[in-house]
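Student: Could we look at this one together? I'd like to know how the words people use for a structure are backed up.

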Amino acid sequence: MTSQHRMQAVRYHGPDQPFQLEQVARPEAAAGEVLVRILASGMCHTELHFGTGLLNLGVAPMTLGHEIVGRVEAVGAGVSEDRIGERVVLYYYLGCGDCQYCRAGDEQICPSLRAEYGFLSDGGYAEYIAVPARNAVALPAHVSDAEAASIGCGVTTAVHAAGLAELAGGEWAVVYGIGGVGLGLVQLARARGARVIAVSRTPAKLEKASALGAEFTVNASDGGVADRIREITGGTGADVVFECVGAAETMEQASAALGRRGRLVFIGYTEASFSIHPIQLVVFEQKVLGSVGATLQDLHEAVDLVGRGVIRTLVDRQLPLEEFQEGLDALEWGDPIGRIVLVP
Ligand SMILES: [Zn+2]
Ligand SMILES: [Zn+2]
């Protein structure tokens, strides 16, 4: 590594420490890797969880950011030079490749990850990143950098969760919480033929969910969310509830809204815990499951869905890297509709 090659990066220094914009060494493409000049980096709620210490993976200092779009600027040994200039979105997991989960393509639950960009390894709040060539997936030209950013986590997480839920056409799907993942889920569930009920406290988010395919909306500020869902579904309850919030009240309402053979899929989380009486699961044959991240195949599918316009991603605003704190504050307090995207 040549020390004169420096770049800017937003670094995490451990729980309860402020994130800091710093000069760090610019990475280079090792054998099998591509060097990506970052063009857009989406801001995900996960970054707030790092800030508060709710998520603490023990790696610090580290560059944040896992929704990464850029252009291949150089390639390492063994990678075709044809890839130079390609615009890409990155898959943020790098599994061990040997365990039973990796063999099945489920790198997101690999117990021996070699890298997880923005979680365990330096991520995308920076000017450059080097990743294995297979982690860089080509983007269609008509999807802008900022629009493509939330494919990396928001859309892929939605694709993965819908797959785990085995969501089928004609089913009632509740999307509880309309952030980046929620907006993707509304559109994906609709595209799969499900009937979508969107739940949020923010009228503007519900309007957006309606415009993107939700058949019904429920404003959670009015209370009685589960009752309202029972009413909409003619008493049967939801077949799938995607829980994208994970607060005590939302988890309770989500569970109460579940119908027979219903699947409650946790995606979002907070400090709050959740309890459910097994009799509900037993007599209604319900399932409670969690969904984390996505497979590389999910990312390829997400790129295809956005490329074909089946899923639209929304950009709330774009900010230069130096203004990351404004972005984090807006994410925490401003209730943005769509992604806040850093542009290094
Ligand atoms: Zn994320
Ligand atoms: Zn593995």
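Tutor: Sure, let's start with β11 (residues 172–176) and β14 (residues 238–243), which pair in the parallel sense over 4 bridges. This is a predicted model, where local features need pLDDT of at least 70, side-chain atom pairs count only at pLDDT 80 or more, and totals for chains, interfaces and linings use all residues. Residues are numbered from 1 along each chain as written, ligands are numbered from 1 in the order written, and side-chain values use heavy atoms, without hydrogens and water.

Student: What makes β11 and β14 a pair?

Tutor: Two strands pair if DSSP finds at least two bridges between them, and a strand is a DSSP run of E with at least two residues. β11 and β14 have 4 bridges, so they pair. Within that pairing, V174 stands opposite V241 in β14.

Student: Which strands make up the open sheet, and in what order?

Tutor: The order is β13-β12-β11-β14-β15-β16, 6 strands with parallel pairing. β13 (216–219) and β16 (287–290) each have a single partner strand, so one side of each has no neighbour in the sheet. From one strand to the next, the twist averages 20° (axes are lines fitted to C-alpha atoms, for helices over the stretch in contact, with angles from 0 to 180 degrees between N-to-C directions).

Student: What does helix α8 touch?

Tutor: Helix α8 (residues 248–256) packs on the sheet and touches β11, β14 and β15 (258–266); contact means heavy atoms within 4.5 Å. A helix here is a DSSP run of H or I with at least four residues.

Student: And which pairs are antiparallel?

Tutor: Among them are β3 (residues 33–42) with β5 (residues 67–75), over 8 bridges, and β5 with β6 (residues 87–90), over 3 bridges. R37 stands opposite R71 in β5, while G70 stands opposite V88 in β6.

Student: How do you know which atoms are donors of the zinc ion (ligand 1)?

Tutor: Donors are N, O and S atoms within 2.8 Å of the metal (3.2 Å for Na, K and Ca). C44 (SG), H66 (NE2) and C153 (SG) coordinate the zinc ion at 2.0 to 2.2 Å, so they count as donors. Water is not among the atoms, so a site may look incomplete.

Student: Why does the pair C44 and H66 tie parts together?

Tutor: C44 lies in the loop between β3 and α1 (45–52), and H66 in the loop between β4 (62–63) and β5, so the pair ties together parts 22 residues apart in sequence.
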